[in-house]
Amino acid sequence: MPSKENRRITDMGTLKALAHPLRLKLYRALYLERVATASQLAELVDEAVSLVSYHLRKLAEHGLIEEAEPQSQDGRERWWRPASDGISIHDEDFQDAPEKVAAHKSASRLFFEQRSELYYRHLDERAHWGAEWNSASLDSEYLSRLTPAELAELGRELHALLKKYDDKGRAADAASDTQGRENVALHVYGFPFRV
């Protein structure tokens, strides 16, 4: 059973394992699917099953995913699931050596690039979602003057609110209440800047 905790990544090996374009896509797809085979994930990311299997094993080596109970009678299928209820990466865990700083920056850039690609795809496909989804979608920028403590507090409050809605959606899925329910991405960034 996956841990209900958010796994905090603190080592370079795990960070580098996740900071691979295909592995990050696979982790995201598996997180959404909750349980899947390499064949199912290969179809979702449009890659060869053998390549997907290799990268799933790499994610498993670092404890990011794990084998799941078989979901069918086909004993040849290997089922996977996330090993935790999410992951987090904190800047302070990668600041004690220049190579750690560089690895964290590189990973953060990849995460942002894939999130941007996801949003660009949404913009390209927006017309196909219909009026209800388009009016519910949000794109906002808030510029505030905060202290580091206030920004940290805001982050904790946003995390708690997002977790509440994620739990609500997962409970509905578990109860087979999937009518009108879609995957939703919400990307939040909070950082200091000077004009």
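## A helical chain with a small sheet

Reading from the N terminus, the elements of the protein chain follow the order β-α-α-β-α-α-β-β-β-α-α-α. That gives seven helices and five strands. The coordinates come from a predicted model, so please read each value below as computed from that prediction. Along its principal axes, the C-alpha trace of the protein chain spans about 60 × 50 × 30 Å. Of the 195 residues in the protein chain, 26% are buried. Among contacts with a separation of 6 or more, 66% are between residues 24 or more positions apart.

### Two helices to look at

Let us begin with helices H5 and H7, whose spans are set out here.

| Helix | Residues in helix | First to last C-alpha | Expected at 1.5 Å a residue |
|---|---|---|---|
| H5 (98-125) | 28 residues | 41 Å | 40 Å |
| H7 (148-174) | 27 residues | 38 Å | 39 Å |

For H5, the reach is close to the expected value, and the same can be said of H7. Just after H7, Ser176 takes a positive phi of about 60°.

Which residues of H5 are buried? They are Ala103, His104, Ala107, Leu110, Phe111, Gln114, Ser116 and His122. Their cover includes helix H1 (12-18), helix H2 (21-33) and strand E5 (87-89).

His104 makes a good close-up of this buried set. This histidine of helix H5 has a relative accessible area of 11% and is therefore buried, the cut-off being under 20%. Setting aside neighbours within four places in sequence, His104 is in contact with Leu15, Ile89, His90, Asp91 and Phe94.

Arg115 is also in helix H5, but its relative accessibility is 29%, so Arg115 counts as partly exposed. Not counting residues up to four places away in sequence, Arg115 touches Arg28, His187 and Tyr189. Arg115 and Ala185 are 70 residues apart in sequence, while their C-alpha atoms are 8.6 Å apart in space.

### The nonpolar core

In soluble globular proteins, nonpolar side chains tend to be buried together. Here, the largest nonpolar core has 27 residues, and those with the most contacts inside it are Leu18, Leu26, Leu41, Val52, Leu56 and Leu59. At least two residues of this core come from each of H1, H2, helix H3 (38-45), helix H4 (49-61) and H5. H2 gives the largest share, with seven residues.

What does Leu41 touch, not counting residues up to four places away in sequence? Its partners are Leu26, Ala29, Leu30, Ala36, Val52 and Leu56.

### Aromatic rings and charges

The structure holds three aromatic pairs, and two of them are described here. Tyr27 and Tyr31 form a stacked pair, with 6.4 Å from centre to centre and 25° between the planes. These two tyrosines are four residues apart in helix H2, so about one helical turn separates them. Behind this is a general point: an α-helix has 3.6 residues a turn, so residues three or four places apart point the same way. Both Tyr27 and Tyr31 are buried.

The rings of Phe112 and Tyr189 have centres 5.5 Å apart and planes at 70°, so this pair is edge-to-face. Distant parts of the chain are linked by this pair: Phe112 is in helix H5 and Tyr189 is in the segment after helix H7, 77 residues apart. With a relative accessible area of 44%, Phe112 is partly exposed. Tyr189 counts as partly exposed too, at 39% relative accessibility.

Returning to Tyr31, which charged ends sit over its ring? That of Arg34 is 4.9 Å from the ring centre, and that of Arg170 is 4.7 Å from the ring centre.

### The open sheet

Finally, the strands. An open sheet of three strands has the order E2-E4-E3, with antiparallel pairing. Strand E2 (36-37) and strand E3 (65-67) are the edge strands, each pairing on one side only. How many bridges join E3 to strand E4? Three bridges do so, and E3 and strand E4 (residues 79-82) run antiparallel. Within this part of the sheet, Ile65 stands opposite Pro82 in E4.

Note on methods: Residues are numbered from 1 along each chain as its sequence is written. This is a predicted model: local features need pLDDT of at least 70, side-chain atom pairs count only at pLDDT 80 or more; totals for chains, interfaces and linings use all residues. Side-chain values use heavy atoms; hydrogens and water are left out. The expected span of a helix is 1.5 Å times one less than its number of residues. Buried means under 20% relative accessible area, exposed over 50%, partly exposed in between (1.4 Å probe, protein chains only). Contact means heavy atoms within 4.5 Å. A nonpolar core is a set of buried Ala, Val, Leu, Ile, Met, Phe, Trp, Tyr and Cys residues joined through side-chain atoms within 4.5 Å. Rings of Phe, Tyr and Trp (its six-membered ring) pair if their centres lie within 6.5 Å; planes under 30 degrees apart count as stacked, over 60 as edge-to-face and the rest as tilted. A charge sits over a ring if NZ of Lys or CZ of Arg is within 6 Å of the ring centre and within 35 degrees of the ring normal. Two strands pair if DSSP finds at least two bridges between them.
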